[in-house]
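Work through the exercises below with the structure open beside you. Try each task before reading its solution.

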Amino acid sequence: MNMNEKEGGVCEGGLNVTLTIRLLMHGKEVGSIIGKKGETVKKMREESGARINISDGSSPERIVTITGQSEVIFKAFAMIAEKFEEDILASMINSTVTSRPPVTLRLVFPASQCGSLIGKGGSKIKEIRESTGAQVQVAGDLLPDSTERAVTISGTPHAITQCVKHICTVMLESPPKGATIPYRPKPTAGGSHTVLAQPHAASAFAIQGQFAIPPQDAVLSDSKSEATVVQHLQLLSLICDWITLKP
């Protein structure tokens with residue numbers, strides 16, 4: 001969620017601001033909201049009044065950006081959640097599964113705001129869960145090459161929409177600190193991607209302060225890499241000795 005671009009303030013009876021909220025989605029989820037020839041996303045834009053943009057690229061993950069006045073944003077969220085619920089119901093036809101899984105959305109916003117969302121001792125996130133009926137989980141790790149975290153929301157479309165309203169209020173009251181490096185999905189070696197394949201959800205109490213993840217190429221992940229470094233150091237030492245001894 002990018003709260004750097006906002007106008008207005010919190011007014012009586014609700015929010016009266018322009019928001020930009022980013023969602024992290026699988027390619028299949030993106031395909032669902034785009035629809036045949038873009039008809040579904042076009043309908044969402046027209047009926048909600050929100051600007052809905054989908055990132056380009058061949059990555060299995062995409063960023064969906066929703067921008068507009070607060071009530072417009074909430075309507076767009078409701079429409080997306082309802083579409084995903086329709087997909088779930090359709091997948092259960094002729095299926096042996098009897099319990100319906102919840103709708104799940106993943107928000108992306110600055111890690112510096114996560115402490116306010118969690119609250120002291122997890123009090124705020126507990127309040128949001130209890131008042132909306134939605135499950136809310138804040139990732140313990142930063143998304144790769146960014147200063148953002150994923151917040152996963154699960155529940156009914158109504159519960160998700162109510163949860164987003166609470167989250168937006170918290171984020172407006174506690175703007176991000178410092179510059180934000182946005183997460184940009186990209187394929188890993190071999191063309192696969194693992195951010196959504198692996199659970200990022202962590203206990204609310206696991207997030208204490210800020211920390212960074214070093215680039216993968218800066219980490220020695222196996223003995224082969226270590227041996228290569230040792231060889232390079234030995235070669236460097238020989239060169240230095242040769243320069244010292246050279247008349």
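**Exercise 1.** In the hairpin of β3 and β4, which residue takes a positive phi?

Solution. This is a predicted model.
- Step 1: find the strands, β3 at residues 51-54 and β4 at residues 61-69.
- Step 2: look at the stretch that links them; the hairpin has 6 residues between the strands.
- Step 3: check phi there. Gly57 has a positive phi near 125°.

**Exercise 2.** Describe how β3 pairs with β4, and sort the residues of β3 by face.

Solution.
- Step 1: the two strands pair in the antiparallel sense, over 4 bridges.
- Step 2: take one position as an example. Arg51 stands opposite Thr67 in β4.
- Step 3: in a regular strand, side chains alternate between the two faces of the sheet.
- Step 4: apply this to β3. Ile52 and Ile54 form its covered face, while Arg51 and Asn53 are on the uncovered one.

**Exercise 3.** Decide whether Arg22 is buried or exposed, and find which backbone oxygen lies 2.9 Å from a polar atom of its side chain.

Solution.
- Step 1: locate Arg22 in strand β2, residues 14-26.
- Step 2: the relative accessibility of Arg22 is 11%. Buried means under 20%, so Arg22 counts as buried.
- Step 3: the oxygen belongs to the backbone of Tyr183, and the distance from it to a polar atom of the Arg22 side chain is 2.9 Å.

**Exercise 4.** Describe the packing of helix α2 against helix α3.

Solution.
- Step 1: two packed helices are described by the angle and the distance between their axes.
- Step 2: for α2 (residues 39-48) and α3 (residues 70-91), the axes come within 9 Å and cross at roughly 145°. The crossing is right-handed.
- Step 3: list the contact residues. From α2 come Thr40, Lys43, Met44, Glu47 and Ser48; from α3 come Val72, Lys75, Ala76, Met79, Ile80 and Lys83.
- Step 4: sort them by class. The contact has 5 nonpolar, 2 polar and 4 charged residues.

**Exercise 5.** Examine Lys37 and Asn94, giving the loop, phi and exposure of each.

Solution.
- Step 1: Lys37 lies in the loop between α1 (27-34) and α2, and Asn94 in the loop between α3 and β5 (103-110).
- Step 2: Lys37 is not a glycine, yet its phi is positive, about 55°. Asn94, also a residue other than glycine, has a positive phi near 60°.
- Step 3: exposed means over 50% relative accessible area. Lys37 has 78%, so Lys37 is exposed. Asn94 has 82% relative accessibility and therefore counts as exposed.

Methods: Residues are numbered from 1 along each chain as its sequence is written. This is a predicted model: local features need pLDDT of at least 70, side-chain atom pairs count only at pLDDT 80 or more; totals for chains, interfaces and linings use all residues. Side-chain values use heavy atoms; hydrogens and water are left out. Buried means under 20% relative accessible area, exposed over 50%, partly exposed in between (1.4 Å probe, protein chains only). A polar contact is a pair of N or O atoms within 3.5 Å; within protein, one must be able to donate a hydrogen and the other to accept it, and residues adjacent in sequence count only if both atoms are side-chain atoms. Two strands pair if DSSP finds at least two bridges between them. Axes are lines fitted to C-alpha atoms, for helices over the stretch in contact, and angles run from 0 to 180 degrees between N-to-C directions. A crossing is left-handed if the near helix is turned anticlockwise from the far one by less than a right angle, and right-handed if clockwise. Contact means heavy atoms within 4.5 Å. Ala, Val, Leu, Ile, Met, Phe, Trp, Tyr, Cys and Pro count as nonpolar, Asp, Glu, Lys and Arg as charged, and the others, Gly among them, as polar.
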